[in-house]
Amino acid sequence: QYNLTAERQLPGAMALSVGYVGTRGFNLWTIREFNWNIPLSITNGVEFWGPDPSVLHTVNPNWGTASMLTAGADSWYNALEVELTKRASHGLEFQATYTWSQSLDDVQSQSYSNDCGINAPGSTHNVDPIFPIHDKGPSCTDQPNDFSFNIVYHFPNIKSDNFAARILHGWWVGSIVSIQSGLPFAPNVVGLISNSGVFA
């Protein structure tokens, strides 16, 4: 994990904070197809298995599909965080935050078998058996935009000791607004178009 934050005091009892936050994950658990079909060619990092499955050969022809549980996945998270805070003065205080981020990995692409929690058909393995980096994409939890704003206003106290004034003392009103962009989803094509042998 790493971060760098700068803060600045502003007029009107306000403060501005701007920060860069990141995390990097290594050796994350994943499931990979272990007995995939050997491609006929690899051009510019793209495998080609051919249109005829009858001429394809697996890594070990004595096995069928073989799942390998391994700690071979990675994740990346980077974010810009901006926060504007106003301390209580004249009865008013508020806080506004905005995060612009990207969460990527090469392991949750396999999770579209349940689309990050929602039952749906799909794969239980990563798509590319040779180059896992081709499975790099938005994480299930990727929300690029996140804005929140909260405000509190303390009503002025009435300088009196009568009954009505005592009832009206100490009142305040507040509100919270939270806006986020949607979560990613994965389109699913039923059937093995590439003939790679993954989840065959």
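**Exercise 1. Strand pairing around β6**

Determine in which sense β6 and β8 pair, and over how many bridges.

*Solution.* In this predicted model, β6 and β8 run antiparallel to one another, and their pairing extends over nine bridges. To place the two strands in the sequence, note that β6 covers residues 92–105 and β8 covers residues 145–154. A position that illustrates the register is Glu-93, which stands opposite Val-152 in β8.

Next, establish which residue of β7 stands opposite Leu-104.

*Solution.* Strand β7 consists of residues 137–138 and pairs with β6 in the antiparallel sense over two bridges. Within this pairing, the residue opposite Leu-104 is Pro-138.

**Exercise 2. The hairpin of β5 and β6**

Work out how many residues lie between β5 and β6, and which residue in the turn has a positive phi.

*Solution.* Begin with the pairing itself: β5, which spans residues 67–89, is antiparallel to β6, with 13 bridges between them. Then turn to the bridge in which Ser-89 has Leu-92 of β6 as its partner. The two strands form a hairpin with two residues between them, and in the turn His-90 has a positive phi of about 55°.

**Exercise 3. An aromatic pair across two strands**

Classify the ring pair of Phe-94 and Phe-149, and explain why that class applies.

*Solution.* The count for the model comes to four aromatic pairs. For Phe-94 and Phe-149, the ring centres are 5.8 Å apart and the planes meet at 35°, so the pair is tilted, given that planes under 30 degrees apart would count as stacked and those over 60 as edge-to-face. Because Phe-94 belongs to β6 and Phe-149 to β8, the pair ties together parts of the chain that are 55 residues apart in sequence. As a last step, consider accessibility: Phe-94 has a relative accessible area of 16% and is buried, whereas Phe-149, at 25%, counts as partly exposed.

**Exercise 4. The surroundings of Gly-22**

State whether Gly-22 is buried or exposed, and identify its contacts beyond its neighbours within four places in sequence.

*Solution.* Gly-22 lies in strand β2, which comprises residues 14–33. Its relative accessibility is 1%, so Gly-22 counts as buried, the cut-off being under 20%. Once the neighbours within four places are set aside, Gly-22 is in contact with Gln-1, Tyr-2, Tyr-77 and Asn-78. For Gln-1, which is 21 residues away along the chain, the separation of its C-alpha atom from that of Gly-22 is 5.8 Å.

**Exercise 5. A charge over a ring**

Find which ring the charged end of Lys-136 sits over.

*Solution.* The ring is that of Trp-76, and the charged end of Lys-136 sits 4.1 Å from its centre.

Conventions. Residues numbered from 1 in each chain as written. Predicted model: local features only at pLDDT ≥ 70, side-chain atom pairs only at ≥ 80, totals over all residues. Heavy atoms only, no water. Phe/Tyr/Trp six-rings, centres within 6.5 Å; stacked < 30°, edge-to-face > 60°. Helix = DSSP H or I, 4+ residues; strand = E, 2+ residues; numbered from the N terminus. Buried < 20%, exposed > 50% of the residue type's maximum accessible area, 1.4 Å probe, protein only. Lys NZ or Arg CZ within 6 Å of the ring centre and 35° of its normal. Contact = heavy atoms within 4.5 Å. Pairing = 2+ DSSP bridges.
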